[in-house]
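Reader: Could you walk me through this structure, one question at a time? I would like to see the reasoning as well as the results.

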Amino acid sequence: MREPQAVIPRFFLYGEPPRDAGERFLHVETIADRSRVNDWRIQPHAHRDLHQLLVIFSVVGELLKEKRRQPFSAPALLIVPAGVVHGFSFAEDTEGYVVPLADTLLRDLSRHERSFRSLFADANCASLDEDPVHFQEFADTLPKLRRELVWSAPASAAAATARLTTLLVSAVRALHQPAEVISAAGNARAALVARFREKIETHLRSGLSVAQYAKALNVTPARLRAACIEVTGKTPMRVLEERLVLEAKRNLTYTNMTIAQIAYYLGFTDPAYFSRFFSKLAGESPAAFRRRAAAS
C-alpha cells in the first residue's frame, strides 16, 4: 500500500521538520517568536512527543483543539498534550510564552508528582483572571526559566528543572484540579490505564487486539478491563475504538486521503468494514463526517 499523499502536519517545533525530542528537551519562547511571522495564526498541526503549556499575558485569541474552537482572553493558561491536533489565532501583538517539553521529561517529573501527568490528560484552556496570585507566579517563573535555558551559568540544568517544576505546580493549582482526580491518577489502576494509552499511541496502526495489548503490559485482559472501567468508565476495547475514531476524524478533516486510504493507514484491511466501524461509533459515515467538517 502506497503511503498517503497528505497527512496532518506534524512538526517538532511549529514549522520545523519532525524529529525525536531529546529525553530532557525543554524550550521556552514568546508567543510572538513564531506567531508574528505567520500573521498571528498557527495552522492546525500536531507534535508527536512534545506537550505544550502556554501562558497568555495580554489581548485575546482562539484555541483550536481537534474540531472545537475555544476563545480565550488574557490572562489565560492553555494546555496542549502531545498528539492533539491544535492551532491558534492570536490578536496582533499578543504577549505571552509557550513552553514545549518532551513527554519523557514529563513522565520523569510525574514519578514524584502524579498531578503533572493528569495536567496533560486533555487540551485545556483556563482563565487566570480570578486568581492574580497564580498569574503572578507564571509572570515571575517564565522569564527565569527561559534565562536558565540560554545561559551557561553553573547548575543551569538543575535550575531549569526546578523552574519547570514550579511552573507545573502553578498550572495544576490554577486549574483547580479536584483532589480526588489527582489521587486517582496516582493509584495502580490509573497507572495501568496510562500505560495502556501509551501503548495504543505506539501501536495504533498495528491492529493489535486487547489481549495483545494486555500481554504487552504484562497483565491479564481481565485486569486491564477492570482498570479501564474504574478509571475511564469504558472497556479497553472502547478506549481503543475511540482512539481509532479520533485519528480517523483527524485524517478526514485535515488530509486529502481517500476513505480507503485512511482505512489502510489505520490498519484496517477492508475499507467497507472501516466505514461500518466508523459509522457505528461516530453516528455518521466517514463521507458524511468529512462533508460536515468541510462545511464547518
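Author: Gladly, and please keep in mind that this is a predicted model. A good place to start is the pair formed by helix α7 (residues 188-203) and helix α9 (residues 221-232), whose axes lie 9 Å apart and cross at about 105 degrees.

Reader: Which word describes how α7 is oriented relative to α9?

Author: The two helices pack at an angle of about 105 degrees. Angles of 65 to 115 degrees fall into one class. That makes the orientation of α7 to α9 roughly perpendicular.

Reader: How many nonpolar residues does the contact of α7 with α9 have?

Author: On the α7 side, the residues are R189, A190, L192, V193, F196 and R197. They meet R223, L224, A226, A227, C228, E230, V231 and T232 of α9. By class, the contact of α7 with α9 has 4 charged residues, 1 polar residue and, to answer you, nonpolar residues numbering 9.

Reader: C228 caught my eye there. Is C228 buried or exposed?

Author: C228 is one of the α9 residues that meet α7. Its relative accessible area is 0%, and the cut-off for burial is under 20%. So C228 is buried.

Reader: And how many disulfides does a search of the whole structure find?

Author: Another cysteine, C125, has a relative accessible area of 13%, so C125 is buried. As for disulfides, the search of the whole structure gives a count of 0.

Reader: Let's move to another helix pair. How many polar residues are in the contact of α10 with α12?

Author: Helix α10 (residues 236-254) and helix α12 (residues 271-282) pack at about 105 degrees, with axes 10 Å apart, so α10 is roughly perpendicular to α12. From α10 come R238, E241, E242, L244, V245, A248, K249 and L252, and from α12 come F274, F277, F278, L281 and A282. By class, this contact has 9 nonpolar residues and 4 charged ones, while the polar residues number none.

Reader: Now the strands. Which strands stand at the edges of the open sheet?

Author: The open sheet has 5 strands in the order β1-β8-β3-β6-β9, with antiparallel pairing. An edge strand has a single partner, so one side of it is left without a neighbour in the sheet. Here the edges are β1 (29-30) and β9 (124-127).

Reader: Within that sheet, which residue of β6 stands opposite V55?

Author: Strand β3 (residues 50-58) runs antiparallel to strand β6 (residues 76-80), and 5 bridges join them. Helix α5 (residues 156-174) packs on the sheet and touches β3, β6 and β8, its direction making about 70 degrees with that of β3. Opposite V55 in β6 stands L77.

Reader: What is the bridge partner of E62 in β5?

Author: Strand β4 (residues 60-65) is joined to strand β5 (residues 68-73) by 6 bridges, and the two run antiparallel. They form a hairpin with 2 residues between them, and E66 in the turn has a positive phi of about 55 degrees. β4 also pairs with strand β7 (residues 86-90) in the antiparallel sense over 5 bridges, where E62 stands opposite S89. In β5, the bridge partner of E62 is P71.

Reader: Is P71 buried or exposed?

Author: P71 sits in strand β5. Leaving aside residues up to four places away in sequence, P71 touches G61 and E62. The relative accessibility of P71 is 62%, and the cut-off is over 50%, so P71 counts as exposed.

Methods:
Residues numbered from 1 in each chain as written. Predicted model: local features only at pLDDT ≥ 70, side-chain atom pairs only at ≥ 80, totals over all residues. Heavy atoms only, no water. Axes fitted to C-alpha atoms, helices over the stretch in contact; angles between N-to-C directions. Helix = DSSP H or I, 4+ residues; strand = E, 2+ residues; numbered from the N terminus. Parallel < 35°, antiparallel > 145°, perpendicular 65-115°, else oblique. Contact = heavy atoms within 4.5 Å. Nonpolar A, V, L, I, M, F, W, Y, C, P; charged D, E, K, R; others polar. Pairing = 2+ DSSP bridges. Disulfide = S-S within 2.5 Å. Buried < 20%, exposed > 50% of the residue type's maximum accessible area, 1.4 Å probe, protein only.
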